[in-house]
Amino acid sequence: MKRKLSAMLAAIFAASTFSFASVANAAADATFTDVTSDTQYGSAIITLSKLGILDGYDNGDGTYSFKPDGAITRAEFTKIMTVTMGAAEVSGAGEIAYTDIDGHWAEGNILAASSLGIVQGFEDSTFRPDEQVTYEQAVKMVVCAAGYETAAIIQGGW
């Protein structure tokens, strides 16, 4: 729960930092079966969903859940960052080659974030999209997306 919350707060910080390229999805009916305005951070979750930043999980019956107590993956957080920034998905590996994202639902977001310097893979050429994002990884993505990577490194890094 704490990591999900930390990641969500980082996403909200990022959302407040960038202008939105499009709010066409803002009119969408963004409801989750497990989130109400009374849910902790429910208003933020609903707002980010209406802005098209959060999609939730398809329950298979025409409804969606958010899983507010669940963990968030590296792929999910990367998608939140790229959508928040208005970054277009990238197709094709080009110069970026992760051995474990081909055909992954977030491949385009991962490639976009990587090309923007927001994310990095691991030394073994993997991205590990379905692993839980750590607090440090989420903060690094937000800091890099906000353009403060150099300042963070000067201050001692991650």
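**Notebook: helix α3 and its surroundings**

I began with K79, which I found in helix α3. I note at the outset that the model I am reading is a predicted one.

Entry on K79. I looked up whether this lysine is buried or exposed. K79 has a relative accessible area of 16%, and because the cut-off for buried is under 20%, K79 counts as buried. I then listed its partners beyond the neighbours within four places in sequence, and I found K79 in contact with D55, W105 and N109. N109 led me onward, since N109 is also listed among the residues through which α4 meets α3.

Entry on α3 and α4. I took α3 as residues 74-85 and α4 as residues 107-115, and I noted that the two pack at an angle of about 65 degrees with their axes 9 Å apart. I recorded the crossing of α3 and α4 as left-handed. On the α3 side I wrote down A75, T78, K79, T82 and V83, and on the α4 side N109, I110, A112 and A113. Sorted by class, this contact of α3 with α4 holds five nonpolar, three polar and one charged residues.

Entry on the burial of α4. How many of the nine residues of α4 are buried? I found eight of the nine buried, so α4 is largely enclosed by the rest of the structure. The buried residues in α4 are E107, G108, N109, I110, L111, A112, A113 and S114, and I noted that the buried residues of α4 pack against α3. Just after α4 I came upon G117, for which I recorded a positive phi of about 80 degrees.

Entry on α3 and α5. I turned next to α5, residues 135-145, whose axis comes within 11 Å of the axis of α3, the two crossing at roughly 20 degrees. Because angles under 35 degrees count as roughly parallel, I put α3 down as roughly parallel to α5. The crossing of α3 past α5 is right-handed, whereas that of α3 and α4 is left-handed. In this contact I listed R74, F77, T78, M81 and M85 from α3, which meet Q137, A138, M141, V142 and A145 from α5. By class I noted seven nonpolar, two polar and one charged residues for the contact of α3 with α5. I marked T78 in my list, since T78 takes part in the contact with α5 and also in the contact with α4.

Entry on T63. I then left the helices and looked up T63, which lies in the loop between β1 (57-58) and β2 (64-65). The relative accessible area of T63 is 28%, and I therefore entered T63 as partly exposed. Which residues does T63 contact, leaving aside its neighbours within four places in sequence? I found T33, Y57 and D58. I also noted F32, which stands 31 residues from T63 along the chain, while the C-alpha atoms of the two are separated by 7.1 Å.

Entry on the whole chain. I closed with the overall figures, starting from the six helices and two strands, which follow the pattern α-α-β-β-α-α-α-α along the sequence. Of the 158 residues of the chain, I recorded 39% as buried. Among contacts between residues at least 6 apart in sequence, 66% join residues at least 24 apart. The chain exposes about 8,600 Å², of which carbon and sulfur atoms supply 51%.

Conventions:
Residues numbered from 1 in each chain as written. Predicted model: local features only at pLDDT ≥ 70, side-chain atom pairs only at ≥ 80, totals over all residues. Heavy atoms only, no water. Helix = DSSP H or I, 4+ residues; strand = E, 2+ residues; numbered from the N terminus. Buried < 20%, exposed > 50% of the residue type's maximum accessible area, 1.4 Å probe, protein only. Contact = heavy atoms within 4.5 Å. Areas by Shrake-Rupley, 256 points an atom, 1.4 Å probe, with all protein chains shown as cover. Axes fitted to C-alpha atoms, helices over the stretch in contact; angles between N-to-C directions. Left-handed = near helix turned anticlockwise from the far one by under 90°. Nonpolar A, V, L, I, M, F, W, Y, C, P; charged D, E, K, R; others polar. Parallel < 35°, antiparallel > 145°, perpendicular 65-115°, else oblique.
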